[in-house]
Amino acid sequence: MWLMLEGAFLQASNEDTKEHLYETLMAECRDTIQAVREELKSEAKQRERSSDPESGKVSNLQYLHSYLTYIKLCTLVKRNESMAHTLHGKLKEPAADENKRGPRPQDLIRLYDIILQSLAELSTLQGLEDDHTFQKEVSLKTLVYKAYRCFFIAQSYVLVKKWSEALVLYERVLKYAKEVQSKAKTLNNSLKDLPDVQELIAEVSAEKYSLQAAAILDTGDASEAPSQLQVNDSTPLCNRLDTFCLDPTLVGKKPSLVPFPPEFQPIPCKPLFFDLALNHVAFPPLDEKVEQKGKGGLTGYIKGIFGFGS
């Protein structure tokens, strides 16, 4: 299966075909690894029952599991590296449509994070802990991909005009690249399938010069902007809210905020009538109209019936 897919990778004409082949290979590896894990569980139970003195050694099934995991992780690294290479090429191209979202450095950072995580898992495979040559190769690959990840982090800082942070990260990229070159002398075959570090060094050097020029221009624009926007205008602030300018009088002792005293303006007014005489009106006495209550007892009751008391 692996040899067949290797030949298919060489014959693949575009990136979509390669990605499909990578996904097919990883799916096959996942299914096979799951079957081997089931066998490892059965083998572990048998070892617990038996008193074999060689039970502590790595078995053939464990080596098979490590080999399949190695193939899966290497395929994942190659797939992400291929995707990163494609995105890097698109990142250099000018955007054809401004409304359409193009690739960003953050997309490549995520891909290199997955690659570094896969390499960390490779270094912990069972049965390969004591293989010093393999560990050195994994360490060298980790340095290469760290350099590329650091490069795209610097690119993301350039987009938001954080010049000093980007410059520090570019220096770290050069540090990683030089460390790779020094360690690669003893492992020449390990760099065969890796991205070209010398090309990265040349690109970082060019980006550093561009960054320094952009930082100088940005500083010049920032210093010229206040002189262009400072306008001495006696118009009150409330009458020029739509125009931005740096008015030093606004922070002084006599800021011109509103015209004072304000000018007289005609306003619509509804006439109001006040009845001022109502408080001085004296009402006539109404004692004669008010019904008087009769005295209590039977006599008062009879007078009330026949109307004698009214």
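Me: In this predicted model, how does the span of helix 6 (residues 163-183) agree with its number of residues?

Reply: Start from the rise of 1.5 Å a residue: the 21 residues of helix 6 should then span 30 Å. The end C-alpha atoms of helix 6 are 31 Å apart, which agrees.

Me: Which residues of helix 6 are buried?

Reply: Look for a relative accessible area under 20%. In helix 6 that picks out Trp163, Ala166, Leu169, Tyr170, Val173, Leu174, Tyr176, Ala177 and Val180. These residues cover an arc of only 165° around the axis, so they lie on the same side of helix 6.

Me: And what does the face turned away from that buried side carry?

Reply: There you will find the exposed residues Ser164, Val168, Lys175 and Lys178.

Me: Let's turn to the surface. Which residues make the nonpolar patch of about 280 Å²?

Reply: Leu64, Tyr67 and Tyr70 make that patch. Take Tyr67 as an example: this residue sits in helix 3 (residues 60-92), and its relative accessible area of 46% makes it partly exposed.

Me: Now the cysteines. How many disulfides are there?

Reply: The general idea is that a disulfide is a covalent bond between the sulfur atoms of two cysteines. To count one here, the two sulfur atoms must be within 2.5 Å. The count comes to 0 disulfides. Cys74, for instance, is in none, as the nearest cysteine sulfur, belonging to Cys29, is 9.9 Å away.

Me: Is Cys74 buried or exposed?

Reply: Cys74 counts as buried, at 16% relative accessibility. Cys238, on the other hand, is partly exposed, with a relative accessible area of 35%.

How values were computed
Residues numbered from 1 in each chain as written. Predicted model: local features only at pLDDT ≥ 70, side-chain atom pairs only at ≥ 80, totals over all residues. Heavy atoms only, no water. Helix = DSSP H or I, 4+ residues; strand = E, 2+ residues; numbered from the N terminus. Expected span 1.5 Å × (residues − 1). Buried < 20%, exposed > 50% of the residue type's maximum accessible area, 1.4 Å probe, protein only. Arc of directions from axis to C-beta. Patch = residues over 30% accessible without salt bridge, like charges linked within 9 Å, V, L, I, M, F, W, Y side chains within 5 Å. Areas by Shrake-Rupley, 256 points an atom, 1.4 Å probe, with all protein chains shown as cover. Salt bridge = Lys/Arg side-chain N within 4 Å of Asp/Glu carboxyl O.
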